[in-house]
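Reader: I want to learn how to read a structure like this one. Please show me the model, then take my questions in turn.

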Amino acid sequence: RSVGQVFPFSLRSQVSPVNPLRLSAGVPSIQVIRLSNLTLKLGTYDHLPDVMDMMEEFKESTVYAETDYDPSKVSETFINAIEDRERFCFVVVTDDHNVARGVLLGTIQEQLFNRERTAFEIVWWVSPEHRNLRASVKLFEAFEYWAKKLNCKYIQTGAAQNTESTTAVEKFYDKKKYKKVESNFIKAIA
């Protein structure tokens, strides 16, 4: 894939990969954390090509495989996350070559029934060949930390069905005291 087709600008880093990630006054810092063979850090423009590859892999491994894929929409979402750190959480785990091997993207919204701030997990994915419990857990813990620091009262998350790790993810949520509140369904109508 040509990076220029998906990203109509030159890719650039926004933060140093070796220093604490300091952002605007209201946004919490997330430290760079070394995890044996992977490193947890904020996602940057440099990570977008790798994240785009992971999003295609994620989509194809779930019921979303039956839906269309618009790379420009996906990249737009992650660009918004980079540019609006107060509304989006975008963290990655990278290998020794700074190639993103896992990603978690979340956002903050008010609940439907009240004005309580709620952090919503949009996608949480680690490439199968780089999965280990610690990297996945650290991605999620960074998301929880971000949500707490931005005064969210709740976190809402999910587990994509029809993936080999669905059961493990549901057990993880149960262990962390998350309550199952609903199941989602999808049907093509056009």
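Reader: Let me start with one residue. Is Glu 116 buried, partly exposed or exposed?

Author: First, keep in mind that this is a predicted model. Burial is read from relative accessible area, with buried meaning under 20% and exposed over 50%. Glu 116 has a relative accessible area of 28%, so Glu 116 is partly exposed.

Reader: Which side chain does Glu 116 meet in a salt bridge?

Author: The general idea comes first. Side chains of opposite charge can pair when their charged atoms come close. Here the side chain of Glu 116 meets that of Lys 153, at 3.6 Å from N to O. Glu 116 sits in the loop between β4 and β5, and Lys 153 in the loop between α4 and β6 (154-156), so the pair ties together parts 37 residues apart in sequence.

Reader: How many salt bridges does a search of the whole structure find?

Author: Six. One of them joins Lys 176 and Glu 144, with the closest N and O atoms 3.1 Å apart. This pair also links distant parts of the chain: Lys 176 is in the segment after α5, Glu 144 is in helix α4, and 32 residues separate them. Lys 176 is partly exposed at 30% relative accessibility. Glu 144 is buried at 11%.

Reader: What is the distance between the closest N and O atoms of Arg 101 and Asp 95?

Author: It is 2.9 Å, and the two form a salt bridge. Arg 101 is partly exposed, with a relative accessible area of 22%. Asp 95 is buried, at 12%.

Reader: Now the interior. Which residues touch the most other members of the largest nonpolar core?

Author: Again, the general idea first. In soluble globular proteins, nonpolar side chains tend to be buried together. The largest core here has 26 residues, and Val 91, Trp 124, Leu 139, Phe 140 and Trp 146 touch the most other members. Helix α4 gives the most to this core, with eight residues. Leaving aside residues up to four places away in sequence, Trp 124 touches Val 103, Leu 104, Ser 136, Leu 139, Phe 140, Val 169, Phe 172 and Tyr 173. A second, separate core has 20 residues, including Met 55, Phe 78, Val 123 and Trp 125.

Reader: Which residues of α3 are buried?

Author: They are Val 74, Ser 75, Thr 77, Phe 78, Ile 79, Ala 81 and Ile 82.

Reader: What span should helix α3 have?

Author: Use 1.5 Å a residue. The 13 residues of α3 (residues 71-83) should span 18 Å, and the end C-alpha atoms are 18 Å apart, which agrees.

Notes
Residues are numbered from 1 along each chain as its sequence is written. This is a predicted model: local features need pLDDT of at least 70, side-chain atom pairs count only at pLDDT 80 or more; totals for chains, interfaces and linings use all residues. Side-chain values use heavy atoms; hydrogens and water are left out. A nonpolar core is a set of buried Ala, Val, Leu, Ile, Met, Phe, Trp, Tyr and Cys residues joined through side-chain atoms within 4.5 Å. Buried means under 20% relative accessible area, exposed over 50%, partly exposed in between (1.4 Å probe, protein chains only). Helices (H or I, at least four residues) and strands (E, at least two) are DSSP runs, numbered from the N terminus. Contact means heavy atoms within 4.5 Å. The expected span of a helix is 1.5 Å times one less than its number of residues. A salt bridge is a side-chain nitrogen of Lys or Arg within 4 Å of a carboxyl oxygen of Asp or Glu.
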